[in-house]
Structures are given as structure tokens and as C-alpha cells.
Amino acid sequence: MKTLHKPLQIIVYQDVLCAWCYLADARLDVLRQEFGEALRWSVRPYPLRLQDALPTEREKRGLVEEVQRAQREADPAARLLSTDLWLGGDPPRTSVPALAALEAARLQGPQARAFLAKSMQRAALEQGINVSRTDVVFELASRVGLAMNEFSAAFRSEETQRLILDEHRDAANRGVRGVPTLVIGGRWMLCGLREISEYREHILACLGKSAVPRSGSPERLVH
């Protein structure tokens, strides 16, 4: 889909350790191809595990149950999901390092970030690898062909770590409470995994192609 107008801004808040974000990415990839240059995508970090601490047994059970629910989705990608990340002997303490790696990769271009994000999602959510570990981060970054000196400097920078925390605070102030969350055109906020048809409906509404009932406010939170 081509457009002569300014592209519609879509912000996607996500965590690389989240099974629902993994499925949402697969659905949103369809819309990226479908709408092309009519949309401008911005993927922003929102760590679900903000504090650096091992998950408790109760937390791990909850995380495993989340993955199991995601596995029941009809998407072909759902069959690739594994609970090994949380059942193994090396569960992630926090998702901040993994998200910092994606911000470091972003400095080499949006495609570099996208390649690393896909690699990290597959490693964590299909293979059960703890992608918050520094050695894993560097191995994956090297595999996708990043310039490693530049990446290392950005990844280890305190500024990059601080950016993740600032993004989390700013998103929370805007009403983001979990991931995946989409903010479409500054008008609509969609929380949680949605069907492709629902994403498409709200995108088209913001592009002026169809109508979605409005609440009277410039931004509507859709639960």
C-alpha cells in the first residue's frame, strides 16, 4: 500500500522474553508487508522483569503458564514456543540486558535491530537460552553480523542501560502496563495479543479508511 501522506506512526512496546510479543511480531509482520510505506513503526523496550533478581518458584510457574497459554494460539509460530527458558537451570534474572542489546543494535540501523531481535526471540522462546547473559548477547550479535566494537561500546554504556529504565517509566506514565502494547497514531492503545483483523481495523480507522467507534478522547485504551 502506497501513500502520499505522512506515514501513520505505530509504537510497539515489547519485551524480547515475552511469548505474547513473539506471536504479535509474527502477526504484525503481515501488516508491515501489507501497508508498506503507509506506516512508520517504532519498537520500544518495556522490560517485564525490571529488577535484577532470580524469579521465585511461584514466578516461574506463572511464567511457564503464560507460555503454555501462548502455545494454544492457532498461529504456526505458537507450536515453536518452549517453556525451557523458565524450567531450565539458568532462568533470566532480568530482561534489561537483552533490551539494552537491541538498543545498541539500533544504532547500526533498524534492520540490525530487527535481525538481533528475531535471533534473541528464537534463542529464548524456542530454544530456552538465557539471552540476558552477556556471553549469549555477544554471540548472537556476532552471528547476525553486527559491527562488534561499535555494538560492545553501546551495549556496555550506562546511557543505554538508563535509556531502558527511562523508556519503562515514560511508557508507564502513558498508561502502558504490559506487552505487547501498540499505540496507533497517538489515538488507540491496544494491550495484549490481538487478531490481525483487529490490528488492521484500527490502522485503517486511523488512516481514514474506515470507522471505529470513538470515545470522544484523542486516545482510547482498548482492553
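Trainee: What radius of gyration does the protein chain have, and what would a compact globule have?
Mentor: The protein chain has 18 Å, and a compact globule of 223 residues would be near 17 Å, so the two agree. The radius is taken over C-alpha atoms, and the globule rule is 2.2 Å times the number of residues to the power 0.38.

Trainee: What kind of model is this?
Mentor: This is a predicted model, where local features need pLDDT of at least 70 and side-chain atom pairs count only at pLDDT 80 or more, while totals for chains, interfaces and linings use all residues. Residues are numbered from 1 along each chain as its sequence is written, and side-chain values use heavy atoms, with hydrogens and water left out.

Trainee: How many helices and strands are there?
Mentor: Nine helices and five strands. Helices (H or I, at least four residues) and strands (E, at least two) are DSSP runs, numbered from the N terminus. The order from the N terminus is β-α-β-α-α-α-α-α-α-α-β-β-α-β.

Trainee: And what share of the residues is buried?
Mentor: Buried residues are 46% of the 223. Buried means under 20% relative accessible area, exposed over 50%, and partly exposed in between, with a 1.4 Å probe and protein chains only.

Trainee: Take α4. How many of its residues are buried?
Mentor: Ten of the eleven in helix α4 (residues 96-106), so the helix is largely enclosed by the rest of the structure. Glu103 is among the buried ones, as are Leu99 and Leu102.

Trainee: What covers them?
Mentor: The cover includes strands β1 (8-14) and β2 (39-45), along with helices α5 (110-125), α6 (134-143), α7 (148-156) and α8 (158-173). Contact here means heavy atoms within 4.5 Å.

Trainee: Switching to aromatics. How many pairs turn up?
Mentor: A search of the whole structure gives three. Rings of Phe, Tyr and Trp (its six-membered ring) pair if their centres lie within 6.5 Å; planes under 30 degrees apart count as stacked, over 60 as edge-to-face and the rest as tilted. In one pair, Phe138 and Phe155 have ring centres 5.6 Å apart and planes at 85 degrees, so that pair is edge-to-face.

Trainee: Where do those two sit?
Mentor: Phe138 is in helix α6 and Phe155 in helix α7, so the pair ties together parts 17 residues apart in sequence. Phe138 is buried at 18% relative accessible area, and Phe155 is buried at 5%.

Trainee: What about Phe151 and Phe155?
Mentor: Phe151 and Phe155 are stacked, 5.8 Å centre to centre with 5 degrees between the planes. The two are four residues apart in helix α7, about one helical turn. Phe151 is buried at 0% relative accessibility. Ring pairs link Phe138, Phe151 and Phe155 into a cluster.

Trainee: Now β3. Are its faces covered or open?
Mentor: Both faces of strand β3 (residues 181-184) are covered: Thr181 and Val183 are buried on one side, Leu182 and Ile184 on the other. In a regular strand the side chains alternate between the two faces of the sheet.

Trainee: Which strands does β3 pair with?
Mentor: β3 pairs with β1 in the antiparallel sense over four bridges, and Ile10 has Ile184 as its bridge partner. Four bridges also join β3 to strand β4 (residues 188-191), again antiparallel, with Leu182 opposite Leu190. Strands count as paired if DSSP finds at least two bridges between them.

Trainee: What happens at Gly185?
Mentor: Gly185 takes a positive phi near 60 degrees in the hairpin of β3 and β4, which has three residues between the strands.
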